[in-house]
2 protein chains.
Amino acid sequence: MATLVFKFGGTSVATRERIAAVAERVADAAAGGDRLAVVVSARGDATDRLIEEAEHTVPRPRARELDMLMSTGETASAALVAMAVSAHGPEAVALSGIQAGVVTDGVYGRGRIERLDPSRVRREMDAGRIPIIAGFQGLGPGGDMVTLGRGASDTTAVSLAAALRADRCDIFTDVEGVYTADPRCVPQANKLDAIGYGEMLEMAQLGAKVMQHRSVGIAQRFRLPVVVRSSFVDSPGTSMMAAEAVEIESVALVRGVAHDTDVARITVRAVRDRPGLAHGIFQPLADHGINIDVIVQNLSEAGTTDISFTVSKADMAAAVDLVRPIAAEIGAGDVSADASLGKVGIVGVGIQSTPGIAARAFGALAEAGINILGITTSEIRITCLVAEAEVEHAARTLHTAFGLDADSAQ
Amino acid sequence: MATLVFKFGGTSVATRERIAAVAERVADAAAGGDRLAVVVSARGDATDRLIEEAEHTVPRPRARELDMLMSTGETASAALVAMAVSAHGPEAVALSGIQAGVVTDGVYGRGRIERLDPSRVRREMDAGRIPIIAGFQGLGPGGDMVTLGRGASDTTAVSLAAALRADRCDIFTDVEGVYTADPRCVPQANKLDAIGYGEMLEMAQLGAKVMQHRSVGIAQRFRLPVVVRSSFVDSPGTSMMAAEAVEIESVALVRGVAHDTDVARITVRAVRDRPGLAHGIFQPLADHGINIDVIVQNLSEAGTTDISFTVSKADMAAAVDLVRPIAAEIGAGDVSADASLGKVGIVGVGIQSTPGIAARAFGALAEAGINILGITTSEIRITCLVAEAEVEHAARTLHTAFGLDADSAQ
């Protein structure tokens with residue numbers, strides 16, 4: 001008897017018919033003898049509609065009340081799915097994130113799970129009921145609902161699976177698994193049977209929409225087996241596992257290409273180069289929960305340097321507001337922002353330690369006439385900043401250059 | 001500096017423009033120096049849409065999950081109104097029913113407020129913030145949301161006002177106050193400046209839609225001044241107060257006519273008349289939270305009697321299911337149900353003790369050709385069961401007969 005956590009995304013519960021299909025799948029798994037807990041997202045575009053409603057009510061809705069409003073999307077979804085599962089046979093019980101034991105750090109709109117006490121969920125499972133849990137939400141100060149950021153129902157599911165020491169977490173979504181690139185942009189993309197946690201993390205960070213990157217990090221830390229699979233098609237999906245296991249199954253060095261157009265670059269010019277400088281600029285951003293992605297610092301000439309970094313477009317205005325007074329304080333030059341960028345990258349274990357990979361990537365992009373505006377690398381990833389308009393072309397170019405196209409031998 | 005509780009119904013917060021108007025009214029009252037707490041209902045027909053969604057997902061949604069689903073309507077409403085109030089100046093803070101200290105008896109779908117701990121609400125007010133509270137919901141077992149039954153945001157508001165020892169509770173709604181009859185049915189109806197708690201209670205029980213009857217009972221118990229007024233028009237509304245105060249202001253004996261078409265009658269035939277019989281039939285209904293309204297027991301002949309009672313139409317099927325096995329057990333005849341009834345009644349302090357009132361009511365109905373199918377009376381009310389099709393005609397007839405029409409001297 002395996003303990004499994006299922007997570008169904010917004011498209012999987014968007015309509016009554018889809019909820020019925022989800023209920024059937026859950027009932028089937030329960031009938032097969034597995035112990036189940038289920039995490040659900042808000043239905044379809046419910047979250048977007050709630051945000052829109054708030055923004056039409058007031059221009060700048062407060063984060064605390066926005067969280068209370070947004071959390072109703074997942075709460076309603078959990079209630080409906082629980083009703084549907086119960087109607088299919090097994091007894092189900094809907095739980096809010098708070099009831100499911102999710103405790104956040106209390107940062108409205110982008111809360112992190114500080115701990116997850118699975119005792120209530122376990123008690124329901126022990127009593128033969130299937131808990132249906134509202135994802136994306138947890139306990140904040142004074143009993144408040146705090147949401148965990150976009151896509152964070154994945155985080156709820158993976159955290160719960162880790163807390164329950166589940167045998168597996170299945171992420172049901174609207175695609176059949178993890179692909180070598182986004183099939184909407186690169187038609188030759190192939191589905192991967194397996195992918196390492198680290199590779200998946202880099203793919204997610206690079207903009208692959210399949211799983212929220214924080215949830216991948218949690219799965220990696222707990223070495224939790226995760227399967228990304230379709231809630232519409234009955235196919236095996238992609239298994240996420242430790243890299244050693246993946247490498248045995250696959251000889252491909254470059255596992256995939258990912259891209260993202262949600263990139264804004266902020267540049268601080270003529271910064272006097274001295275120790276602690278980067279800390280002085282980046283700590284305030286971190287304090288405000290703004291994630292910094294690519295950092296490019298030019299080699300200094302005449303004692304000054306330009307520092308560029310990228311953030312998501314939603315954070316651009318806030319980041320500029322934070323950085324401007326700091327730049328003035330340290331006697332730097334002007335602060336500029338550019339939202340017309342994107343990033344594209346290749347991911348695979350051993351990329352950095354294999355000679356020639358980076359050169360091949362840069363060469364392919366150059367040959368395609370694509371200008372590289374910044375580069376970062378990690379052990380298993382090479383990322384290039386390019387103009388937003390060239391992102392998709394760059395992704396297709398790299399996909400072909402590394403032999404990932406469907407007609408290539410993989 | 002008065003402490004006031006405002007309650008805004010669903011139509012008052014149905015659109016963005018109306019939410020803005022509510023926010024302005026709240027901000028104005030706060031600027032005037034009053035200490036405020038605000039209770040809101042779900043927006044427009046949100047509750048109906050949620051129920052519909054549930055019933056389309058499964059034919060018989062479970063009460064626990066239906067409560068979780070329905071409660072999202074008020075939660076979203078409170079969040080949006082709090083955002084709007086904050087944008088108008090004063091700081092507002094949205095609270096769920098649970099956060100506002102509402103503790104229910106745990107009966108899903110028709111919970112009663114067991115206690116209300118106002119300390120969190122008071123703390124927010126002390127800190128200069130206006131709490132905006134989701135009505136209709138409260139704490140149930142295991143942290144569950146329990147809803148309080150249709151229209152019960154009034155109950156939340158009045159209970160909160162009582163717990164805060166507020167100076168007044170203002171019920172803002174889509175009508176200008178309490179009328180001598182429903183103006184949609186009786187065009188000659190007049191707005192009352194004042195009404196006694198008891199009269200209002202009978203009006204509400206008789207189907208007057210202005211305020212939920214349970215909330216009137218609570219106001220009466222705590223002798224809480226309540227004003228029913230329009231959220232659209234700036235007019236004084238109707239003040240609810242102790243009968244002594246009303247009687248001084250008004251000489252009218254019959255204060256109003258109310259009617260209700262949500263009436264179903266269940267009849268148990270050929271019941272052997274013996275002590276404890278009514279208890280045996282009605283206790284199980286009470287245990288299931290089904291309210292019984294009019295009870296008619298025919299005088300027994302040959303040792304048996306027919307017992308009829310009325311329930312709301314929504315409870316009819318459940319009531320029949322409960323009563324049938326009992327009837328079989330006690331050797332009674334068949335159990336039948338009839339949903340084609342309505343009730344109409346007159347309300348006023350001293351009605352029963354004033355000779356001739358009942359006779360005048362029955363005479364007027366007889367003259368209008370309306371058949372009376374059952375009668376109950378209380379100190380301040382006379383109710384007649386009539387065919388559903390004749391309810392409105394009966395209401396107009398009684399309104400005229402007791403001199404309540406607009407052109408009559410009141």
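Which residue in E18(B) does B:Gly374 stand opposite? The residue is B:Leu385, and the sections below show where this pair sits.

## About the model

This is a predicted model, in which local features need pLDDT of at least 70 and side-chain atom pairs count only at pLDDT 80 or more, while totals for chains, interfaces and linings use all residues. Residues are numbered from 1 along each chain as its sequence is written, chains are lettered from A and ligands numbered from 1 in the order in which they are written, and side-chain values use heavy atoms, leaving out hydrogens and water.

## The sheet of chain B

Let us begin with the strands (E, DSSP runs of at least two residues; helices, H or I, have at least four). In chain B, an open sheet of 6 strands follows the order E14-E15-E13-E16-E18-E17, with antiparallel pairing; two strands pair if DSSP finds at least two bridges between them. Strand E14 (295–297) and strand E17 (374–378) of chain B are at the edges with a single partner strand each, so one side of each has no neighbour in the sheet. From one strand to the next, the twist averages 30°. E17(B) is joined by 5 bridges to strand E18 (residues 381–387) of chain B, and the two run antiparallel.

Helices lie on this sheet too. Helix H10 (residues 316–329) of chain B lies across strands E13 (256–272), E15 (304–311) and E16 (335–347) of chain B, at about 120° to E16(B). Helix H12 (residues 391–401) of chain B packs on the sheet as well, touching E13, E16 and E18 of chain B, where contact means heavy atoms within 4.5 Å.

## A covered helix in chain B

Helix H6 (residues 197–205) of chain B is mostly covered, with 7 of its 9 residues buried (under 20% relative accessible area; exposed is over 50%, partly exposed in between, with a 1.4 Å probe and protein chains only). Among the buried residues are B:Tyr197, B:Met200 and B:Ala204. Just after H6(B), B:Gly207 has a positive phi of about 115°.

## Two helices and a loop in chain A

The axes of helix H2 (residues 46–57) and helix H3 (residues 63–87) of chain A come within 9 Å and cross at roughly 150°. H2(A) is therefore roughly antiparallel to H3(A) (angles over 145 degrees, on a scale from 0 to 180). Residues making the contact include A:Leu50 and A:Ile51 of H2(A) and A:Leu66 and A:Met70 of H3(A).

A:Val349 is in the loop between strand E16 (335–347) and helix H11 (357–367) of chain A. This residue, A:Val349, is partly exposed, with a relative accessible area of 24%.

Definitions and conventions
Parallel < 35°, antiparallel > 145°, perpendicular 65-115°, else oblique.
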